[in-house]
Amino acid sequence: MSSISITGDLGSGKSSVAKLLTEKLGYQYIYTGLMQRKIAEERGMNTLELNYFSEKNKDIDDYIDNYLMELDKAKENYILDSRLAWHFVKSSYKIYLTVKPEIAAQRVFLDENRINEPDAKSIEERISTLQERKMVEVRRFKKLYNIDCLNFENYNLVIDTSYSSVEDICNLIITLFKEKEKDFPRYWVSPKSLYPTEHVRKLGSEEAKNVRDSIMKNGFDYNYPIQVVMYKDNLYIWDGHKRTSGALFNKIPLIPITILARDKEEIHTNHTAEMFVESLNKNFIYDWEDIHDFYF
């Protein structure tokens with residue numbers, strides 16, 4: 001069996017990616033979110049209210065869980081657009097899609113096809129309701145199944161969709177899925193997601209020009225992910241400025257990263273991600289934006 005299970009942040013484009021993968025691979029599409037929305041509609045609830053209801057009532061979860069467990073025995077290939085298919089369909093190729101909260105809120109706010117969403121009169125309200133729903137789900141799944149959906153070690157691929165098209169995301173997934181026996185990096189982001197931590201004058205070197213030319217001719221080498229640290233959910237380059245810049249100049253949509261440390265975790269002895277980022281010269285960011293012609 002070679003099914004693909006897709007989960008991720010609310011507003012990350014899971015269904016859009018799943019539907020296009022279905023077309024490209026010729027697999028059957030299964031969307032458990034539609035089941036939940038129909039159940040919510042039948043009960044006169046929105047999706048957030050249904051999540052709170054499900055914390056105290058297992059019937060809905062049991063119905064969907066049993067359905068997914070049966071799929072794990074099937075011989076057909078599926079694209080599984082589902083919160084927990086990665087957990088119940090053990091044999092699937094597991095993908096988690098992330099997105100920046102403000103971008104997720106804009107997508108959901110403007111999507112007229114979404115039904116039973118909680119009311120929101122502004123992007124800020126939508127960010128709040130999406131984050132609340134996310135944390136209710138995480139808490140509920142932890143209680144019911146003793147799993148952490150936000151532990152990215154559970155997945156084969158974690159892709160940030162904030163700045164990439166559905167087409168580019170699907171092309172990457174298919175490329176890596178077809179060679180899934182290889183040891184590819186787990187984390188993939190747009191180079192526009194990576195904040196610089198050194199001055200752009202280093203990009204004027206002959207070495208930097210050679211890196212850009214190499215990427216233009218040969219593409220980005222997936223075997224050498226950019227090393228980053230994470231602070232307050234933002235990613236900062238630790239090593240790989242020339243390759244990140246080369247990816248930007250050559251319009252590479254997604255590149256692999258390795259996260260060395262998060263927030264108060266140490267990058268090396270007595271030097272945390274927080275300490276590193278707080279010590280940065282913020283002018284590096286403005287100069288980076290100017291030379292690459294985009295804004296964070």
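**Strand E8 and the two domains**

Visitor: Which residue in E9 stands opposite Tyr231?
Guide: That's Asn234. Strand labels like this one are DSSP runs, numbered from the N terminus: E with at least two residues for a strand, H or I with at least four for a helix.

Visitor: What kind of model is this?
Guide: A predicted one, where local features need pLDDT of at least 70 and side-chain atom pairs count only at pLDDT 80 or more, while totals for chains, interfaces and linings use all residues. Residues are numbered from 1 along each chain as its sequence is written, and side-chain values use heavy atoms, with hydrogens and water left out.

Visitor: OK, how do E8 and E9 pair, parallel or antiparallel?
Guide: Antiparallel, with five bridges joining E8 to E9 (residues 234-239). Two strands count as paired if DSSP finds at least two bridges between them. Val228 is set opposite Ile237 in E9.

Visitor: What does Lys232 do in the hairpin?
Guide: Lys232 takes a positive phi near 50° there, and the hairpin of E8 and E9 has two residues between the strands.

Visitor: Which way does E8 run against E10, parallel or antiparallel?
Guide: Parallel, again over five bridges, with E10 covering residues 255-262. Gln227 faces Thr258 in E10.

Visitor: Why is E8 largely enclosed?
Guide: Because five of the six residues in E8 (226-231) are buried, the rest of the structure largely encloses the strand. Buried is under 20% relative accessible area, exposed is over 50%, and partly exposed is in between, using a 1.4 Å probe and protein chains only.

Visitor: And what pairs with E9 in the parallel sense over two bridges?
Guide: Strand E7, residues 194-195. Tyr195 in that stretch stands opposite Tyr236 in E9.

Visitor: Switching topic: what are the domains?
Guide: Domain 1 is 3-179 and domain 2 is 187-292, with bounds from an automatic or database domain assignment. Contact between the two (heavy atoms within 4.5 Å) takes 13 residues from domain 1 and ten from domain 2. Their centres, taken over C-alpha atoms, are 29 Å apart.

Visitor: How much area do they bury between them?
Guide: About 1,000 Å², 62% of it on carbon and sulfur atoms. That's the accessible area (1.4 Å probe) the two parts lose on being put together, summed over both. On the domain 1 side, the elements giving two or more residues are strand E5 (157-160) and helix H8 (166-178).

Visitor: How many salt bridges between domain 1 and domain 2?
Guide: Zero, where one would need a side-chain nitrogen of Lys or Arg within 4 Å of a carboxyl oxygen of Asp or Glu.
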